[in-house]
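Work through the exercises below with the model open. Each one pairs a task with a stepwise solution.

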Amino acid sequence: MAGNSTTTSEQSRVIATCLLAGKIMLQSGGETYRVEDTMKRMAAALGLPHSHSYVVPTGIFFSVDATEPAKLIRISERTTDLHKVSEVNAISRRIGQGELSAIDAYGLLQQIEGQPSSYSFAVQLTAAALSSGCFTIMFGGGWSDFIPALICGGTGYAAVIAFHRLVLVKFFAELTASFVIGLLAFLLVYLGLGHELDKIIIGSVMPLVPGLLITNAVRDLMAGHLVSGLSKGAEAFLTAFAIGTGIAVVFSLFM
């Protein structure tokens, strides 16, 4: 009886470790098929070869054949932090090589989960502003539009983060941020600080475009994860629709 209790406790620990790994990866922008594969490999290396996982963008289901009840983790917030995805993959490889036990792996995963973002807000804001200016040049804008695009892109990125803290629905935060970008671009062109309005707007909204989400949607569809692929594609479409709507409102008001 004691042996069965110990075995059950070990299985529960392995399941908790796999679920935490999957949660971190999914919240950090990992693809659905990669999350499932990582959890399955970790479970097999830790003594549970017959595990089953079902991952969707908003949740993870994980079970072991007829030994433990199925477990569920709800995913409510997702971001992009590929450094954390890489760290979880490194832990998975160490487990596969027999270097880590379930307890040690769980402790390391908790440390990864508690880590702040790899880049500070100031670094992200600077990157968004510079990329906006560079995209404007790439799309055919002149160097006289670089600074206006830099200002619009940086302001828009700061706005989407600020509005998302106030409004939990990301769609409205993105719509409002794109409206701010369009409004500021119109103002800068009106003051003579910028020249090609369309190039400035296009470059400035690029940091808001869901590039990773679209990529993951296509990769999940190609891997056969139709539910996850379609849901991520729908989320990317809503983001693109929010960006377009915000800019369209500005044009309808001032053109």
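**Exercise 1. Contacts of Leu109**

Find which residues Leu109 touches, not counting residues up to four places away in sequence.

Solution. Step 1: set the contact criterion, heavy atoms within 4.5 Å. Step 2: list the partners. Leu109 touches Thr17, Leu20, Ala21, Ile24, Met42, Val88 and Ile91.

Before going on, note the basis. The model is predicted: local features need pLDDT of at least 70 and side-chain atom pairs pLDDT 80 or more, while totals for chains, interfaces and linings use all residues. Numbering runs from 1 along each chain as its sequence is written, and side-chain values use heavy atoms, with hydrogens and water left out.

**Exercise 2. The nonpolar cores**

Identify the residues that touch the most other members of the largest nonpolar core, then name the elements that supply it.

Solution. Step 1: define the set. A nonpolar core joins buried Ala, Val, Leu, Ile, Met, Phe, Trp, Tyr and Cys residues through side-chain atoms within 4.5 Å. Buried means under 20% relative accessible area, exposed over 50%, and partly exposed in between (1.4 Å probe, protein chains only). Step 2: rank the members. Phe62 and Leu109 touch the most others among the 29 residues. Step 3: assign elements, taken as DSSP runs numbered from the N terminus (helices H or I, at least four residues; strands E, at least two). Helices H1 (2-27), H2 (32-45), H3 (82-96) and H4 (102-114) and strand S2 (59-64) each supply at least two residues. H1 gives the most, 9 residues. Step 4: look for another core. A second, separate one has 18 residues, including Val160, Ile181, Leu197 and Val250.

**Exercise 3. An aromatic cluster**

Classify the pairs Phe171 with Phe172 and Phe237 with Phe241.

Solution. Step 1: apply the criterion. Rings of Phe, Tyr and Trp (its six-membered ring) pair if their centres lie within 6.5 Å; planes under 30 degrees apart are stacked, over 60 edge-to-face, and the rest tilted. The structure holds 7 such pairs. Step 2: take Phe171 and Phe172. They are edge-to-face, at 5.5 Å centre to centre and 85° between the planes. Step 3: take Phe237 and Phe241. They are stacked, at 6.3 Å and 20°. Both lie in helix H10 (residues 226-254), 4 residues apart, about one turn of the helix. Step 4: check accessibility. Phe237 is exposed at 55%, whereas Phe241 is partly exposed at 44%. Step 5: combine. Phe171, Phe172, Phe237 and Phe241 form one aromatic cluster.

**Exercise 4. Salt bridges**

Work out why the Arg219–Glu31 pair ties together parts that are 188 residues apart in sequence.

Solution. Step 1: use the cut-off, a side-chain nitrogen of Lys or Arg within 4 Å of a carboxyl oxygen of Asp or Glu. The structure holds 10 salt bridges. Step 2: check the pair. Arg219 and Glu31 meet at 2.7 Å, N to O. Step 3: locate both ends. Arg219 lies in helix H9 (residues 211-222) and Glu31 in the loop between H1 and H2, so the bridge joins parts 188 residues apart in sequence. Step 4: compare exposure. Glu31 is buried at 6%; Arg219 is partly exposed at 35%. Step 5: extend. Glu31, Arg34 and Arg219 are linked in a network of salt bridges.

**Exercise 5. A bridge within one helix**

Determine where Arg41 and Asp37 lie.

Solution. Step 1: confirm the bridge. The closest N and O atoms are 2.8 Å apart. Step 2: place the residues. Arg41 and Asp37 both lie in helix H2, 4 residues apart, about one turn of the helix. Step 3: check accessibility. Arg41 is exposed at 55%, and Asp37 is partly exposed at 35%.
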